[in-house]
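Subject: Handing over the structure

Hello,

Here is the structure I promised to pass on to you. Please have a look at it first, and then read on for what turned up.

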Amino acid sequence: MDSFIFALSAVAPIVLAVVVGYFFKKIGMMDEDFAKKANKLVFRAFMPVMLFVKIYDMKLSDVDFGFIGYCLIALFIIFGLSIPACLLIAGKKDRVGVLVQAIFRSGYSLIGIPLAGSLYGDEGMMAATILSAALIPCFNVLAVISLSALGNDSGEKVSPVKIVLDIIKNPLIIGIFAALFCVAVRTLVLEPAGITFKLSNITPLFQVLQYLANLAIPLALLVLGAQFEFSAVAALKKEIIFGTLTRTVIVPALVLGVAFLFFRERFSAAQFATLVAAFATPVAVPSVPMVQEMGGDVTLAGQLVVWSTLVSAITVFLVTFLLRMGGAF
C-alpha cells in the first residue's frame with residue numbers, strides 16, 4: 001500500500017495541475033496565444049535554468065558507470081526499435097518524431113527523481129540525480145534528432161549539419177552542459193586548489209536562478225492543460241493508444257525485467273528505484289514545448305503527456321509493487 005501511496009503522490013499533483021490549466025482555458029484566463037508564448041518561455045528560459053540548478057550541486061564521485069551504461073544502452077535500444085514501429089503507426093509525417101520521443105523520453109526530471117527519493121529515500125534521490133547528468137542530455141539530443149529527421153513534413157532532405165546545429169542550439173542542452181562544465185571546474189580545478197567557492201555563495205544570483213527554476217514545471221503543466229483538447233482524441237486515437245501503452249507498459253517491462261533477471265545482484269535497491277524513475281514514468285512534460293519549437297504535432301504531444309500520466313498512476317504502482325515483492329528494494 002505504501003508503494004501505491006508513493007506513486008500516487010508523485011503523479012497526482014501533475015494531473016491536478018493539468019486540470020487547473022484546462023479550467024483556466026475554459027473560463028478564459030489562458031487563450032491559445034498566451035499558451036504558445038508561455039511554452040516558448042518555459043522551453044527557452046525556465047527549463048534550462050531548472051536543469052542547470054538541479055545538476056550544479058551534483059558530485060562526480062561515487063559514479064557507477066556500469067549502471068549508467070546499462071541505462072544508456074537501454075535508452076538507445078528503445079530509441080532504435082521505436083523508429084520503425086512509429087513509422088508504421090503514425091498517420092502523418094509530423095507525428096512520427098513526436099511519437100518516437102514519447103516512447104523513449106520519460107518524465108524523469110519532473111516526477112522521476114522525486115519518485116526515486118520516495119521509493120528509496122536519500123540513496124534513491126542521489127542515484128537518480130547522478131544518472132540525470134547522463135540521461136537528460138541523451139533524452140534531449142535524441143528528441144532533437146527524432147523531431148528534426150523524422151518530423152519534417154516539408155519533403156526536404158534533412159541535413160546532418162542542421163540536426164547537429166539544432167542540438168547545439170537547444171536551450172535544454174545548453175543548460176545541462178553549462179552545469180556540467182561548472183561541476184567539472186569545481187571538482188577538477190577549484191577543490192584541488194583548496195577553493196570552496198560555489199555559485200550558491202552569491203546568494204542574490206542563485207536565489208534568482210532558483211526562482212526561475214521553480215517556475216518551469218508549474219507553468220509547463222498549466223500551459224499543457226490549456227492546450228488540451230478532448231475533441232482531438234478521436235483523430236489521434238491510434239497514436240495515443242500506441243504511444244501511451246508503449247511508454248507506460250512495454251518500455252518498463254523490458255528494461256526493468258532485464259535488470260531484475262540478469263542484474264539483480266549487481267544493482268542496488270537505490271538503483272532499481274532509479275530505473276523505475278527513468279523508464280516507468282510518463283512522457284516528459286518538456287516534450288510539448290520542444291515539439292512546438294520544432295514544428296511537430298503539438299496536439300499529439302500534449303495528448304501523450306496527459307494520457308501517459310493518467311495511465312502511469314496505475315503502472316508505476318504495479319511496477320514498484322512487483323519489484324518489492326521480488327526483493328529488489
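Phe79 has a relative accessibility of 12%, and since buried means under 20%, Phe79 counts as buried. Please keep in mind that this is a predicted model. Phe104 goes further down that scale: its relative accessibility is 1%, so Phe104 counts as buried as well.

These two residues belong together for another reason. A pair of aromatic rings is described by the distance of the centres and the angle of the planes. By the pairing rule, eleven aromatic pairs come up. For Phe79 and Phe104, the ring centres are 5.4 Å apart and the planes stand at 85 degrees, which makes the pair edge-to-face. The pair ties together distant parts of the chain, with Phe79 in helix H3 (residues 65-89) and Phe104 in helix H4 (residues 93-104), 25 residues apart.

Compare that with Phe263 and Phe267: their ring centres are 5.3 Å apart, but the planes meet at 20 degrees, so this pair is stacked. Phe263 is partly exposed, at 30% relative accessibility, while Phe267 is buried at 6%. Both are also members of one aromatic cluster, which consists of Phe67, Tyr70, Phe263, Phe267 and Phe272.

Now to the helices. How many helices and strands does the chain have? There are twelve helices and zero strands, so to speak an α at every step from the N terminus on.

Two of the helices are worth a closer look:

- Helix H10 (residues 269-279) has eleven of its eleven residues buried, so H10 is largely enclosed by the rest of the structure. The buried residues include Phe272, which we met in the aromatic cluster, along with Gln271, Thr274 and Phe279.
- Helix H4 is mostly covered, with eleven of its twelve residues buried. Among them are Asp94, Arg95 and Gln101, and also Phe104 from the edge-to-face pair.

Another residue to click on is Met290, which sits in helix H11 (residues 287-293). Is Met290 buried or exposed? Its relative accessible area is 0%, so Met290 is buried. Leaving aside residues up to four places away in sequence, Met290 touches Phe43, Gln101, Arg105, Asn140, Ala143, Val144, Leu147, Asn170 and Leu172. Gln101 in that list is one of the buried residues of H4. As a sense of scale, the C-alpha atoms of Met290 and Asp64 are separated by 30 Å, and the two residues lie 226 residues apart along the chain.

Finally, the chain as a whole. It has 329 residues, for which a compact globule would have a radius of gyration near 20 Å; the chain has 19 Å, which agrees. Along the principal axes, the C-alpha atoms fill a box of roughly 60 × 45 × 45 Å. Of the 329 residues, 52% are buried. Taking contacts between residues at least 6 apart in sequence, 84% join residues at least 24 apart. The chain exposes about 14800 Å², and carbon and sulfur atoms supply 71% of that area. As for charges, there are 23 positive and 19 negative ones, and their mean positions are 4 Å apart.

Enjoy exploring it!

Best wishes

Definitions and conventions:
Residues numbered from 1 in each chain as written. Predicted model: local features only at pLDDT ≥ 70, side-chain atom pairs only at ≥ 80, totals over all residues. Heavy atoms only, no water. Helix = DSSP H or I, 4+ residues; strand = E, 2+ residues; numbered from the N terminus. Rg over C-alpha atoms; globule rule 2.2 N^0.38 Å. Buried < 20%, exposed > 50% of the residue type's maximum accessible area, 1.4 Å probe, protein only. Contact = heavy atoms within 4.5 Å. Areas by Shrake-Rupley, 256 points an atom, 1.4 Å probe, with all protein chains shown as cover. Lys, Arg positive; Asp, Glu negative; His and termini not counted. Charge placed at Lys NZ, Arg CZ, Asp CG, Glu CD. Phe/Tyr/Trp six-rings, centres within 6.5 Å; stacked < 30°, edge-to-face > 60°.
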